[in-house]
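Got the viewer open? Let's take a short walk from the inside of this model to its surface, one selection at a time.

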Amino acid sequence: MQPLIRFTADYTRYVLKGGARFYIWMACLAALSIAMLYVYYLQNTDGLIVTGMTSQIHDGLYFANLVFLVGVAAGAVTIVFPAYVYHHEGMHKVTVLGEMLAITAVVMVMMFVFAHMGRPDRLWHMIPVIGIFNFPNSMLAWDVLVLTGYLILNLICGFYYLWGKYTGQGVNKKLFMPLVYISIVWALSIHTVTAFLISTLAARPMWFHSVMPIRFIVTAFAAGPCLIILAFLVIRNTTKMWIEDSAIKLLATIVTWCLGIALFLTLSEVVVELYPRTEHANGLYYLMFGLHGLTRLVPWFWTSVALMVVSFVLFLIPSFRNNMKLLPIACVMAFAGIWIEKGMGLIVPGFIPSPIGEVTEYYPTFVEWLMTIGIWAFGFFILTILLKGAIGILQGEIKYGGQTAIAK
């Protein structure tokens with residue numbers, strides 16, 4: 001017990017130390033997180049009427065971010081798989097950083113669940129046995145289970161690995177490696193089940209097709225690595241830890257292939273839906289061109305397409321993809337494009353028109369935007385803490401029985 005207490009104390013002491021840039025960064029994230037608590041208070045006192053969601057469109061910006069972040073969490077497997085299955089040396093050195101990202105993403109998913117439910121007193125229904133969990137009939141119940149399991153797996157694998165580094169004893173591979181392989185398969189399950197959560201709704205033609213899980217996985221393996229690449233480049237420029245070019249280049253290659261497949265699947269869906277142009281294509285038609293004069297989502301769709309296509313072309317150029325100064329441009333564009341495509345460009349059009357033919361538009365209110373920004377800020381707050389502590393242990397600046405170094 002004493003080593004565990006010492007580990008916690010040393011980890012905390014190291015994370016709390018930093019320079020002016022670190023404190024400014026954390027203060028800005030904390031301020032946005034406090035603003036999030038204020039709008040959450042408004043939701044709980046005035047109800048979800050303060051959002052743009054209605055009886056016709058009851059899943060909006062919150063659920064869109066939830067779906068997207070499940071993909072970001074699953075994207076961490078693009079580090080774990082090459083490291084432990086193909087024994088990629090550059091990836092193996094930074095595997096634990098990907099697990100920290102996965103932990104953060106799942107925490108943010110849960111926060112968006114809280115925001116979307118409106119009132120915290122409803123959350124007890126998400127607890128098996130105690131609440132009305134409706135397992136195994138409810139796909140939402142399956143989603144809760146796989147997300148919780150994935151969070152637990154990454155917590156165990158990530159912090160057990162750091163514990164081994166901290167104590168100098170290493171990890172017990174007979175215990176550790178099976179958990180790693182389970183987490184790899186589990187990563188695929190979380191986004192597959194999330195895709196089933198919406199694609200099994202027969203009354204929503206926009207979502208009701210078997211390609212949805214495949215689209216979810218390929219976009220996850222594009223958006224997740226984009227964020228990881230950006231994080232790695234920041235770590236290289238702001239800390240003593242050097243992340244090898246080979247790891248970043250491999251992630252960029254994965255993004256290139258998966259982004260290309262995602263664009264192909266999107267184009268295929270457009271052709272299949274719009275060529276016969278039945279009433280089942282109205283959701284996609286509304287997204288692309290508008291419906292009955294309502295065009296709020298049209299700019300979102302074409303912006304997403306432009307960002308994804310341009311970033312894909314840039315990724316195809318070796319001189320651009322392998323340039324560590326230019327690569328962030330393509331990563332940001334791809335990440336933003338997929339965020340729109342899997343968020344506002346997927347969730348909202350599924351409700352327009354409704355199963356009975358109603359056409360109602362949705363647009364997020366200030367409360368929703370501030371809540372979303374606040375949750376993302378809180379997520380980056382957690383991610384900063386997790387990554388900083390992990391880097392300290394990997395660099396040997398936090399170790400058992402030694403004096404913990406002060407982070408710069």
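Before the first stop, a word on classes: Ala, Val, Leu, Ile, Met, Phe, Trp, Tyr, Cys and Pro count as nonpolar, Asp, Glu, Lys and Arg as charged, and the others, Gly among them, as polar. Keep in mind, too, that you're looking at a predicted model.

**Stop 1: the largest cavity**

How many cavities of 30 Å³ or more turn up in a search of the whole structure? There are 3. Start with the largest, which holds about 60 Å³ of space. To see its walls, select I79, L97, G98, L101, L227, I228, A231, F232, I235, L383 and L387.

Now colour by helix. Which helices each give at least two residues to this lining? They are α6 (95-117), α9 (212-238) and α15 (366-394). The largest share belongs to α9, with 5 residues. Switch to colouring by residue class and you'll find 10 nonpolar residues, 1 polar and no charged ones around the space. The polar one is G98, because Gly is put in the polar class.

**Stop 2: the second largest cavity**

Keep L101, L227 and L383 selected, as they are among the residues lining this cavity. Then add V72, T104, A105, M108, W376, G379 and F380 to complete the lining. The volume here is about 50 Å³. Both α6 and α15 supply at least two of the lining residues. By class, expect 8 nonpolar and 2 polar residues, again with no charged ones.

**Stop 3: a nonpolar patch outside**

Time to head for the surface. Select F81, V85, Y86 and Y181, which make up a nonpolar patch there. Together these four have about 410 Å² of accessible area. Zoom in on F81, which you'll find in helix α4 (residues 77-84). Is F81 exposed or only partly exposed? F81 counts as partly exposed, because its relative accessibility is 35%.

**Stop 4: W242**

For the last selection, go to the loop between α9 and α10 (245-274) and pick W242. This tryptophan has a relative accessible area of 57%, so W242 is exposed; the cut-off for that label is over 50%. Finally, draw a distance from the C-alpha of W242 to the C-alpha of A74: the two are 24 Å apart in space and 168 residues apart in sequence.

Note on methods
Residues are numbered from 1 along each chain as its sequence is written. This is a predicted model: local features need pLDDT of at least 70, side-chain atom pairs count only at pLDDT 80 or more; totals for chains, interfaces and linings use all residues. Side-chain values use heavy atoms; hydrogens and water are left out. Patches are made of residues with over 30% relative accessible area and no salt bridge: like charges are joined within 9 Å, nonpolar side chains (Val, Leu, Ile, Met, Phe, Trp, Tyr) within 5 Å. Accessible areas come from the Shrake-Rupley method with a 1.4 Å probe; for residues, only the protein chains shown count as cover. A salt bridge is a side-chain nitrogen of Lys or Arg within 4 Å of a carboxyl oxygen of Asp or Glu. Helices (H or I, at least four residues) and strands (E, at least two) are DSSP runs, numbered from the N terminus. Buried means under 20% relative accessible area, exposed over 50%, partly exposed in between (1.4 Å probe, protein chains only). On a 1 Å grid over the protein atoms alone, a cavity is a set of points where a 1.4 Å probe fits but cannot get out, and a pocket is an open set with protein on both sides within 12 Å along at least five of seven lines; lining residues have an atom within 4 Å of a point. Grid points are joined across faces, edges and corners, and a volume is the space filled by probe spheres set on the points.
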